[in-house]
Amino acid sequence: MKRLSALFLVLVLGACATTSKKSSLEALKTTVESFHQVIRWRDYRSAARFIVPERREDFQRARIQLNDDQDLTVTDYEIEDVKLSEDGQRATVQSRIQWMRLPSASARTALVTSEFVQRNGAWLLERQLEGPFEGELP
């Protein structure tokens, strides 16, 4: 009887862990999609809300200095890969992003690596390599 109870407990806990990881991935996907959409619509104030608090002000300041409201256009994005850490608290997302920043009339495309961290139940962008914000989220 004790073995049956222990087996049942292991199965229930395993199912909860799988469900938790799946819901965490869904929340991450929603966050990543929302971040990409707001930068595509040049809504950088909303985009800053997806960034870890300690980097938000610098992100917003850079948008103003670079005149991104007028000069940066994200024309396309596609999420290519997502890797979740063992503990489910960090994720690495690779997206292909296409953008143009005036005065250049040439579109640029890059495979952008974004590192997200879960804080207080929300996924936040902590670091980004390549792309239109390269060097701003080290």
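**Entry 1: β2 and β3**

I started at W99, which stands opposite R108 in β3. The model I am reading is a predicted one. I then looked up how β2 and β3 run relative to each other: the pairing is antiparallel, over 10 bridges. A hairpin of six residues joins β2 to β3.

**Entry 2: the sheet as a whole**

I traced the strand order next and found an open sheet of four strands, β1-β2-β3-β4, with antiparallel pairing. The edges are β1 (72-84) and β4 (122-129), each of which pairs on one side only. From one strand to the next, the twist averages 30 degrees. As a general reminder to myself, strands of a sheet pair through backbone hydrogen bonds, either parallel or antiparallel.

**Entry 3: β3 and β4**

How many bridges join β3 to β4? I noted seven, with the two strands running antiparallel. I wrote down two facing pairs: T113 stands opposite L129 in β4, and R119 stands opposite A122 in β4. The hairpin of β3 and β4 has two residues between the strands, and in this hairpin N120 takes a positive phi near 50 degrees.

**Entry 4: α3 against the sheet**

I checked what α3 lies across and found β2 (90-101), β3 and β4. The angle of α3 to β4 is about 55 degrees.

**Entry 5: V117**

V117 is found in strand β3, residues 108-119. Is V117 buried or exposed? Its relative accessibility is 9%, so I entered V117 as buried, the cut-off being under 20%. Leaving aside neighbours within four places in sequence, I listed the contacts of V117 as V52, Q89, R90, A122, W123, L124 and E126. V52 is 65 residues away from V117 along the chain, and the two C-alpha atoms are separated by 8.3 Å.

**Entry 6: F50**

I went to the loop between α2 (44-48) and α3 (53-65), where F50 is found. F50 has 19% relative accessibility and therefore counts as buried, since the limit is under 20%. With neighbours within four places in sequence left aside, F50 is in contact with T31, S34, F35, V38, L124 and L125. For L125 I also looked up the backbone: its C-alpha atom is separated from that of F50 by 5.9 Å, although the two residues are 75 apart along the chain.

**Entry 7: S46**

I placed S46 in helix α2. S46 is buried, with a relative accessible area of 16%. I then looked for a polar partner and found D43: the side chains of S46 and D43 make a polar contact at 2.7 Å.

**Entry 8: the nonpolar core**

The largest nonpolar core holds 29 residues. Which of them touch the most other members? I noted L28, F35, I39, F59, F116 and F133. The elements giving two or more residues to this core are α1 (2-40), α2, β1, β2, β3 and β4. The largest share, five residues, comes from α1. I looked up L28 separately: apart from neighbours within four places in sequence, L28 is in contact with V82, A91, V93, F116 and W123. In soluble globular proteins, nonpolar side chains tend to be buried together.

**Entry 9: salt bridges**

I counted 10 salt bridges. I began with R119 and E54, whose side chains meet in a salt bridge at 2.9 Å, N to O. R119 lies in strand β3 and E54 in helix α3, so this pair ties together parts that are 65 residues apart in sequence. R119 counts as partly exposed, with 27% relative accessibility. E54 is also partly exposed, with a relative accessible area of 48%.

The next pair was R90 and E126, which meet in a salt bridge at 2.4 Å, N to O. R90 is in strand β2 and E126 in strand β4, 36 residues apart, and the pair links distant parts of the chain. How accessible are the two residues of this pair? R90 is partly exposed at 35% relative accessibility, whereas E126 counts as buried at 16%.

I then found a salt bridge between R119 and E126, where the closest N and O atoms are 3.7 Å apart. With that, I wrote down E54, R90, R119 and E126 as linked in a network of salt bridges. Going back to Entry 5, I saw that R90 and E126 are also among the contacts of V117.

Notes
Residues are numbered from 1 along each chain as its sequence is written. This is a predicted model: local features need pLDDT of at least 70, side-chain atom pairs count only at pLDDT 80 or more; totals for chains, interfaces and linings use all residues. Side-chain values use heavy atoms; hydrogens and water are left out. Buried means under 20% relative accessible area, exposed over 50%, partly exposed in between (1.4 Å probe, protein chains only). Contact means heavy atoms within 4.5 Å. Two strands pair if DSSP finds at least two bridges between them. Axes are lines fitted to C-alpha atoms, for helices over the stretch in contact, and angles run from 0 to 180 degrees between N-to-C directions. A nonpolar core is a set of buried Ala, Val, Leu, Ile, Met, Phe, Trp, Tyr and Cys residues joined through side-chain atoms within 4.5 Å. A polar contact is a pair of N or O atoms within 3.5 Å; within protein, one must be able to donate a hydrogen and the other to accept it, and residues adjacent in sequence count only if both atoms are side-chain atoms. A salt bridge is a side-chain nitrogen of Lys or Arg within 4 Å of a carboxyl oxygen of Asp or Glu.
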